[in-house]
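This briefing summarises the fold, the surface and selected local features of the model shown below. It is intended to be read alongside the coordinates.

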Amino acid sequence: MTITEPAQTGQTGSSQTIEMAWDPITRIVGNLGIYTKINFGTKTVEECHSTSSLFRGYSVFMKGKDPRDAGFITSRICGICGDNHTTCSIYCQNMAYGIDNPPLAETIINLGEAAEYIFDHTIFQDNLVFVDFCEAIVKETNPGVLAKAEQTEARNAQIHGYRTIADIMRAFNPFEGEIYREALRVSRTTREMFCIMEGRHVHPSTLYPGGVGTMPSPTTFTDYLTRLMGVLDFVKKAVALNDDVFDFFYDALPGYEEVGRRRVLLGCWGAWQDAFTVDYKYEHMTDWGRAMFVTPGVVVDGKLVTTDLVDINLGIRILLGSSYYHDWVNEEPFVTHDPLGNPVDIRHPWNQTTLPEPQKRDFNDKYSWVMSPRWFDKNSGEHLALDTGGGAFARLYATALAGLVDTPYVKSTGHSVQISLPKSRTLPETTLEWQIPQWSNALERDRARVYFVAYASAMAFFFAERAMEMVRSGETKVFNNFEVPHEKSIGCGFHEAVRGVLSHHMVIDKGKIANYHPYPPTPWNGSPRDSFGTPGPYEDAVKDTPIFEDNGPDNFRGVDIMRAVRSFDPCLPCGVHMYVGGGRTIKKTHSPTGYLGS
């Protein structure tokens, strides 16, 4: 177990305000730094800056590439959610090429992505997030809370088998806790499910524009279903465990709802295409977007303002402000109007030019390699710093409000999402209901994650049944031929990476990529202050967060701050590249002595 120590301390102004930094934040990939000013008199965070020292360079070296390589290249953006990038790139390429996937191929992709959601959310929740809620950490940071947990009966003990909340906390202990170890076993099984559909984890080997290379034999789907049934008990127990732990924290620490709380500003780009509706034509994107099995939507102050992927697309703005880049507004736009004739803003990803400008970090000016994606709300005129709620929270929220999903396994009601899971090895058929909570805070982002694992498990049954029906009826086609257009063409793909919104925007000219911009969830969540001075979601959620930890400045662990940041499922490997200005070329040579030089 790694506990991040404050990187620096010092007096600033009030004798009770101390600067503390966690850089890098541990338990994630990538150099995320959180810099704060904490008032230990009022026990609140007064100021927060979120930084990243990674240059996001894919938009630079994608230019000039064969667009058919886009899925394979962008998969390497991330060693965690690479398949989400491949899938999104395929959606984008299909639009640009004017093709779609055969229904069985679309369903196979959905099955692979369902397995990925179950795998990734489980390993993050049980092996990373819950370290902050385990007995060892709570004993060190809030011993009184642990003492209360020893005396608090778990309400769902009859489902998960742990008598007290403290028993659950002990099961969360890294390496030795029962839940911690079981989650690792589940991660192996769900990876196998993924590989059955997409060939390799995490960089798929069987996904292409126009379809898949997976052989759709009956055993393909029965092998997948056998593994899904093997983890279903764990999924049902996990929801009960999560509810018990998070409800306990609200009871044990009055006011804990304020930890990581921010305005309800959520973005969801939708997931799992309906194989019998989607044609990837931009002109029909409103309709096939609303047919997705996770509904795309933007939620502002708890209200669903749109479910239209065309509106969502046109509203995206890439702002700079505190980022290490030159502006591109004087560059010639790549796209002036979308295929429906709507004007496209110069700050839209189709028109972005990435112009890096490395410099010394300055919290009063520029301090991060992350740009500041925003969504322009035509009604209010605001550039909204949407967050993804760690992915699951925004997906459930938008889908619940939209009321468009209606399958035998998952239904959205307008105020909740109902999830039906069949009988498993030891537990009966179970119906779960995620209801829209009062707050957008750390605990509710974490709670939503395990409910979405149940959602993904339920939809996996639905997709497997669809696939087997197609195979039984002889509908086994999994690939459509296509040609890369030589004339100018554009495409956009919208998907949900595990931790939230994912879009790919591409411009093709003369058969090559002229512009390509992938926007995963972390730039949305981890952005710095934009050109309007609006903080990014990490910054906003941590600022004003109350401190409940019992330790003082000399032994401060920052567990409440870590819970707030980790609730977003942070991940920053979207561009681990070297930037060398001035056109220098780095060459690696091998000498007879074995010395490597440049």
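Among contacts in the chain between residues at least 6 apart in sequence, those joining residues at least 24 apart make up 71%. The model is predicted, and its chain contains 17 helices and 20 strands. The radius of gyration is 24 Å, close to the 25 Å given by the globule rule for 598 residues, so the chain is as compact as a globular protein of that length.

**Overall dimensions, burial and charge**

- Taken along the principal axes, the box filled by the C-alpha atoms is roughly 65 × 65 × 60 Å.
- Of the 598 residues of the chain, 62% count as buried.
- The exposed area of the chain is about 21700 Å², and carbon and sulfur atoms contribute 50% of it.
- The chain carries 56 positive and 72 negative charges, and the mean positions of these two sets lie 4 Å apart.

**Cysteines**

- There are zero disulfides in the structure.
- Cys88 takes part in no disulfide, and its nearest cysteine sulfur, which belongs to Cys92, is 7.2 Å away. A disulfide would require the two sulfur atoms to be within 2.5 Å.
- Cys88 has a relative accessible area of 0% and is therefore buried.
- Cys92 is likewise in no disulfide; the nearest cysteine sulfur to it is that of Cys492, at 6.7 Å.
- Cys92 is also buried, with a relative accessible area of 0%.

**Helix α13**

- Helix α13 spans residues 392-402, and nine of its 11 residues are buried, so this helix is largely enclosed by the rest of the structure.
- The buried residues of α13 include the aromatic pair Phe393 and Tyr397, as well as Arg395 and Thr399.
- Ala392, Ala394, Leu396, Ala398 and Ala400 are also buried in α13.
- Gly403, just after α13, adopts a positive phi of about 65 degrees.

**An exposed loop position**

- Asn330 is located in the loop between β10 (316-319) and β11 (372-377).
- With a relative accessible area of 79%, Asn330 is exposed, since the threshold for that class is over 50%.
- Asn330 and Ile346 are separated by 16 residues in sequence, and their C-alpha atoms are 9.0 Å apart in space.

**Backbone geometry**

- Most peptide bonds are trans, and most residues other than glycine have a negative phi. The entries below concern cis bonds and positive phi values.
- Asp23 and Pro24 are joined by a cis peptide bond with omega of about 5 degrees. Pro24 sits in the loop between β2 (14-22) and β3 (32-39).
- A cis peptide bond also joins His201 to Val202, where omega is about 15 degrees. Val202 belongs to the loop between α9 (178-198) and β5 (207-208).
- Trp272, a residue other than glycine, has a positive phi near 60 degrees. This tryptophan is placed in the loop between β7 (265-268) and α11 (285-290), and at 1% relative accessibility Trp272 counts as buried.
- Asp569, again a residue other than glycine, has a positive phi near 60 degrees. Asp569 lies in the loop between α17 (559-566) and β19 (589-590), and its relative accessibility of 1% places it among the buried residues.

Methods. Residues numbered from 1 in each chain as written. Predicted model: local features only at pLDDT ≥ 70, side-chain atom pairs only at ≥ 80, totals over all residues. Heavy atoms only, no water. Helix = DSSP H or I, 4+ residues; strand = E, 2+ residues; numbered from the N terminus. Rg over C-alpha atoms; globule rule 2.2 N^0.38 Å. Buried < 20%, exposed > 50% of the residue type's maximum accessible area, 1.4 Å probe, protein only. Contact = heavy atoms within 4.5 Å. Areas by Shrake-Rupley, 256 points an atom, 1.4 Å probe, with all protein chains shown as cover. Lys, Arg positive; Asp, Glu negative; His and termini not counted. Charge placed at Lys NZ, Arg CZ, Asp CG, Glu CD.
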